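User: I would like to learn how to read a structure of this kind, one feature at a time. Could you give me the general idea each time and then the case at hand?

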Amino acid sequence: MSVILKTIAAAGVLAIGIAGAAQTADADELANVKSAGEMSIALTGAYPPFSLINEQNQVVGFDVEVGSEIAKRMGVKAKIVTTAWDGILAGLLAGKYDTIVGSMTATAERKKVVDFVGPYYRDGRAIFVSSSSSLTKLNDLKGKKVAVTLGETHEKWANAQKDMGWDVRTYKGLPELILELKNGRVDAFIIDSIPGRVAATKGTPIKMMNLPDLEGGNLPIGIAIRKGNPKLAAAMQAALESMQADGTYEKISLKWVGADIR
Amino acid sequence: MGLDFSIVPDYIDILIAGTLWTIALTILSIIFSVAGGVLFAILQLNRHAAVRRPVSFIAWLFMGTPLLLQLFLIYFGLVQIGLDLNAFVAGVIALSLHFAVYNSDIIKSAIVAVDKGQYEAARSLGLSQLQAMRKAIVPQAIANVTPALGNMMIALLKESSLVSVIGVMELTLSAQRAISDSFRPFEFYITAAAIYYVLNLGLEHGVRIAERRSARYR
Amino acid sequence: MDFALMGRVWVYFADAALVTVQISALAILLGLILGAVAALGSLSVKAYLRWPSRAYVSVFRGTPALIQLFLLYFGGPQVGIHLDPFEAGVIGLGVNIGAYMCESIRGAIISVDKGQVEAGRCLGMGHVQVMRKVILPQAARMMVRPLGVNSIALIKGSAIVSTISVLELSYTAHRYISSTYKPFEMFILASIFYLIIVSIFSYGVGKIDKRVSLEN
């Protein structure tokens, strides 16, 4: 009995050790990606028009196509992985995938833990209210209930606006933000302007507040990779720039957003 | 990357808030799931099939499908029929409903099991139906169900972690919030596990006390 | 009720159902092995076998399965464990249900009539022989139902692996709900498959139970 148990325990430890060793990144990860023949790309799949699930259960969207095109130009296949936003950066750091092409704003704080390729588009903060709402100015929102997504830059920003007296509610993602606004549980939600504007054109009963002086109105959106991989960064940057130069980027942008959002 | 538990104390206020919400969620759901269980049990013992069958169907449906699915249905679905619920309320409803159907099974068996003879003996001693129920049947039924219901409550505490997926800021989601800021999943999930373990021990202790007290009526 | 939509997407739920079955089957297998080992360990006279077994059962039954899964999948890399979602799902679910299965197996072994054990001893059987020829055959009969209950709990519990993005039934349902805003339809589709899987499995367990009882 004791011999059997010891053997099982030893085998287990050995197996875990081997698995761990096999995954240790060796030198620049570009070599790993090339030898694997594929690059795994993480996004949420719940952020139209950048990533969404179509009826055929496929992940599609602007981010998906940009990411896939970059992989293609690097000579590898793209493997799209969906994951919740609040764990997406931790997942990259833990080596669960090679990169995040998930509309992540390249903030100074994030640059401390990851490197950014790009930027591949620019967008800015916006506040959305229900179509029937009478709130138009930022001050109208004083003391109101405001929804944000856990882990987004808007969450930090909203919590920092003490003088607005907001009741900040955090949710898992955009679908929940829209749901809560629709059923009146919150008065407004804060996200990047493009997803909200696209949803509004598709019939979602929301409208963007016209706030030209809103802080964080125009920011670079980047592609995140782990630090210490200059060759991978260079390869991805080159691929991105080539697709921006030959019109492929513009086509993707017009298809999903209706404008060139570079 | 290694382990560094020294950052855990920096987020202690988030974790404590989450723990309190978990406790609130659990207590409310336990209360409603027991009440619901009694209700469903009585309905399932009703004379009329028209009352029994729909209730049995719902019970079968809720026992055969995952709690997580039921959670999505209640949170996203009830809004569409006009009931707007915040995530916490949806979580309590889902947990209560899910465990109510399991509890109803337990309670049903216990009611039926209390010896018929006891009921007749109580009546022959001159007790009215209500008194017979109150003084003979119900206490014994309670003694019968307490261990099994206690196990359900213990399970409920752990299942409460699932409501994190609809955004309720209980212990699990609070740990995730700390993680999205610090990038240290191992440290925070171990801490959360330890807190749940302690809560679990507390609940188990409470259940054992309840078992001993109710056993007096056997 | 958007039946047309359901008609268009049910095939994807069927694909996802297959994944649910795969993960559940592998996790149940792992759970049975771990449960058996832990049960025997917990009944051992040697304290160094008993304590780890009791600790395993206490910790894994005393904490949420979701936390165990997250710890393994997200926390694993920090201690050198790199698993993809499917692997983490199988191991996470399996290790969790193993603790419950240990109790089912242990309970069955303990409930074998002591008289039988003594009779075996009188006939000159050693400890291992008593186990093999007297206890285990009878315990095996009694553990089928509780292990069946554990396994069905696991099939439904497998829904939690949707949180680490395994493309099984619950994840598929959630994805479609997020993009179509039709929760009732998606709940119905996913439920149908869960109910089918659980029903087939229950039927199988019932059959096994009958056979093992008859053999006595």
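User: Let us start with a single residue: does A:Glu69 count as buried or exposed?

Analyst: A residue counts as buried under 20% relative accessible area, as exposed over 50% and as partly exposed in between, with a 1.4 Å probe and protein chains only. A:Glu69 has 13% relative accessibility, and therefore counts as buried. Before we go on, please keep in mind that this is a predicted model, in which local features need pLDDT of at least 70 and side-chain atom pairs count only at pLDDT 80 or more, whereas totals for chains, interfaces and linings use all residues. Residues are numbered from 1 along each chain as its sequence is written, chains are lettered from A and ligands numbered from 1 in the order in which they are written, and side-chain values use heavy atoms, with hydrogens and water left out.

User: Where is A:Glu69 found, and which residues does A:Glu69 touch?

Analyst: Helices (H or I, at least four residues) and strands (E, at least two) are DSSP runs, numbered from the N terminus, and A:Glu69 belongs to helix H3, residues 62-73 of chain A. A contact means heavy atoms within 4.5 Å; leaving aside residues up to four places away in sequence, A:Glu69 touches A:Met243 and A:Thr248.

User: How would the reading go for A:Val59, and which residues does A:Val59 touch?

Analyst: A:Val59 lies in strand S3 of chain A, residues 59-60, and counts as buried because its relative accessibility is 17%. With residues up to four places away in sequence not counted, A:Val59 touches A:Leu43, A:Gly45, A:Leu52, A:Ile53, A:Val64, A:Ile80, A:Thr82 and, in chain C, C:Arg175. A:Thr82 also shows how sequence and space can be read side by side, since A:Val59 and A:Thr82 are 23 residues apart in sequence and 8.2 Å apart in space, C-alpha to C-alpha.

User: How should I read a sheet, and in what order do the strands S4, S1, S5, S12 and S6 of chain A stand?

Analyst: Strands of a sheet pair through backbone hydrogen bonds, either parallel or antiparallel. Two strands are taken to pair if DSSP finds at least two bridges between them. In chain A, 5 strands form an open sheet in the order S4-S1-S5-S12-S6, with mixed pairing. Its edge strands, each pairing on one side only, are S4 (77-82) and S6 (114-123) of chain A, and neighbouring strands are turned by 30° against each other on average, direction ignored. Axes here are lines fitted to C-alpha atoms, for helices over the stretch in contact, and angles run from 0 to 180 degrees between N-to-C directions. Within this sheet, strand S1 (residues 38-43) and strand S5 (residues 99-105) of chain A pair in the parallel sense over 2 bridges, and A:Ala42 stands opposite A:Ile100 in S5(A).

User: Which are the edge strands of the sheet S9-S8-S10-S7-S11 in chain A, and which helix packs on that sheet?

Analyst: This is an open sheet of 5 strands with mixed pairing, in the order S9-S8-S10-S7-S11 of chain A. Strand S9 (167-171) and strand S11 (206-208) of chain A are the edges, each pairing on one side only, and neighbouring strands are turned by 35° against each other on average, direction ignored. Helix H7 (residues 174-182) of chain A packs on the sheet, touching S7 (125-130), S8, S9, S10 and S11, and its direction makes about 155° with that of S10(A). Strands S8 (residues 145-149) and S10 (residues 188-192) of chain A pair in the parallel sense over 2 bridges, with A:Ala147 opposite A:Phe189 in S10(A).

User: How can a whole chain be read, and how many helices and strands are in chain B?

Analyst: Chain B has 8 helices and 0 strands, and its C-alpha trace spans about 75 × 45 × 25 Å along the principal axes. Of its 218 residues, 49% count as buried. For charges, Lys and Arg count as positive and Asp and Glu as negative, while His and the chain ends are not counted; chain B has 16 positive and 13 negative side chains, with the centres of the two sets 19 Å apart.

User: What do these values come to for chain C?

Analyst: Chain C has 8 helices and 0 strands, and buried residues make up 52% of its 216 residues. There are 18 positive and 11 negative side chains in chain C, and the centres of the two sets lie 10 Å apart, each charge being placed at NZ of Lys, CZ of Arg, CG of Asp or CD of Glu.
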